[in-house]
Amino acid sequence: MESLRDALAGVGVVLPSLSVDPVTGASQEPFALVDLGRCNVRTAEHLTDVLRSLPVEETLRARVRQVNREPKSR
């Protein structure tokens, strides 16, 4: 969560409610969920602009599509 907070701050985005989900953080799950929380419209638009400005390689897009099609294992 701290790495995400630092990376977002590095591009001028602050998510005020960013935190670790307390339920999954205290459970036996190997990875707690990060709650991105709430933000105002201006922050959401800024985050969108930053994400759209980043170059995305086609190999990454293809991998994301593949992962999204794979059945979820339990």
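Leaving aside neighbours within four places in sequence, L18 is in contact with M1, L4, R5, V34, D35 and L36. That list is a good way into this predicted model. Several of its members return below.

Take the surface first. M1, L4, V20, V34 and L36 form a nonpolar patch there. Together these residues have about 360 Å² of accessible area. M1, L4, V34 and L36 are also among the contacts of L18. V20 sits in strand β1, which covers residues 19-20. V20 counts as partly exposed because its relative accessibility is 40%, between the limits of 20% for buried and 50% for exposed.

R5 is another contact of L18. Its side chain meets that of E2 in a salt bridge, at 3.7 Å from N to O. Side chains of opposite charge can pair when their charged atoms come close. R5 and E2 are three residues apart in helix α1, so about one helical turn separates them. Both partners are partly exposed: R5 has a relative accessible area of 30%, and E2 has 46%. How many salt bridges does the count come to? The count is one.

Now go inside. L18 also belongs to the largest nonpolar core. This core has five residues: L8, V13, L15, L18 and V50. In soluble globular proteins, nonpolar side chains tend to be buried together.

V13 gives a good view of the core. It is found in the loop between α1 (2-10) and β1. Is V13 buried or exposed? V13 counts as buried, because its relative accessibility is 2% and the cut-off for buried is under 20%. Setting aside neighbours within four places in sequence, V13 is in contact with L8, T43, H46, L47 and V50. Two of these, L8 and V50, are fellow members of the core. V13 and V34 lie 21 residues apart in sequence, and their C-alpha atoms are 16 Å apart in space.

T43 takes up the same story from helix α3, which spans residues 41-53. What does T43 touch, not counting residues up to four places away in sequence? T43 touches V13, V14 and L15. V13 and L15 are both core residues. T43 counts as buried because its relative accessibility is 17%.

Just before this helix comes N40, in the loop between β2 (34-35) and α3. N40 is partly exposed, since its relative accessible area is 47%. N40 and S17 are 23 residues apart in sequence, yet 11 Å apart in space from C-alpha to C-alpha.

T24 marks another buried position. It is found in helix α2, residues 22-25. At 15% relative accessibility, T24 counts as buried. Beyond its neighbours within four places in sequence, T24 is in contact with E29, A32 and L33.

Next, helix α4. It runs over residues 58-69, and E58 has its place there. E58 is partly exposed, with a relative accessible area of 48%. E58 and V34 are 24 residues apart in sequence. In space, 27 Å separates them, C-alpha to C-alpha.

Step back to the whole chain. The protein chain has four helices and two strands. Along the sequence, they follow the pattern α-β-α-β-α-α. Why is the chain described as more spread out than a compact globule? Its radius of gyration is 15 Å, well over the 11 Å that the globule rule gives for 74 residues, so the chain is more spread out than a compact globule. The C-alpha atoms fill a box of roughly 35 × 35 × 20 Å along the principal axes.

The totals complete the picture. Of the 74 residues, 9% count as buried. The accessible surface comes to about 6500 Å², and 56% of that belongs to carbon and sulfur atoms. Among contacts between residues at least 6 apart in sequence, 33% join residues at least 24 apart.

Terms used: Residues numbered from 1 in each chain as written. Predicted model: local features only at pLDDT ≥ 70, side-chain atom pairs only at ≥ 80, totals over all residues. Heavy atoms only, no water. Core = buried A, V, L, I, M, F, W, Y, C linked by side-chain atoms within 4.5 Å. Buried < 20%, exposed > 50% of the residue type's maximum accessible area, 1.4 Å probe, protein only. Contact = heavy atoms within 4.5 Å. Patch = residues over 30% accessible without salt bridge, like charges linked within 9 Å, V, L, I, M, F, W, Y side chains within 5 Å. Areas by Shrake-Rupley, 256 points an atom, 1.4 Å probe, with all protein chains shown as cover. Salt bridge = Lys/Arg side-chain N within 4 Å of Asp/Glu carboxyl O. Rg over C-alpha atoms; globule rule 2.2 N^0.38 Å.
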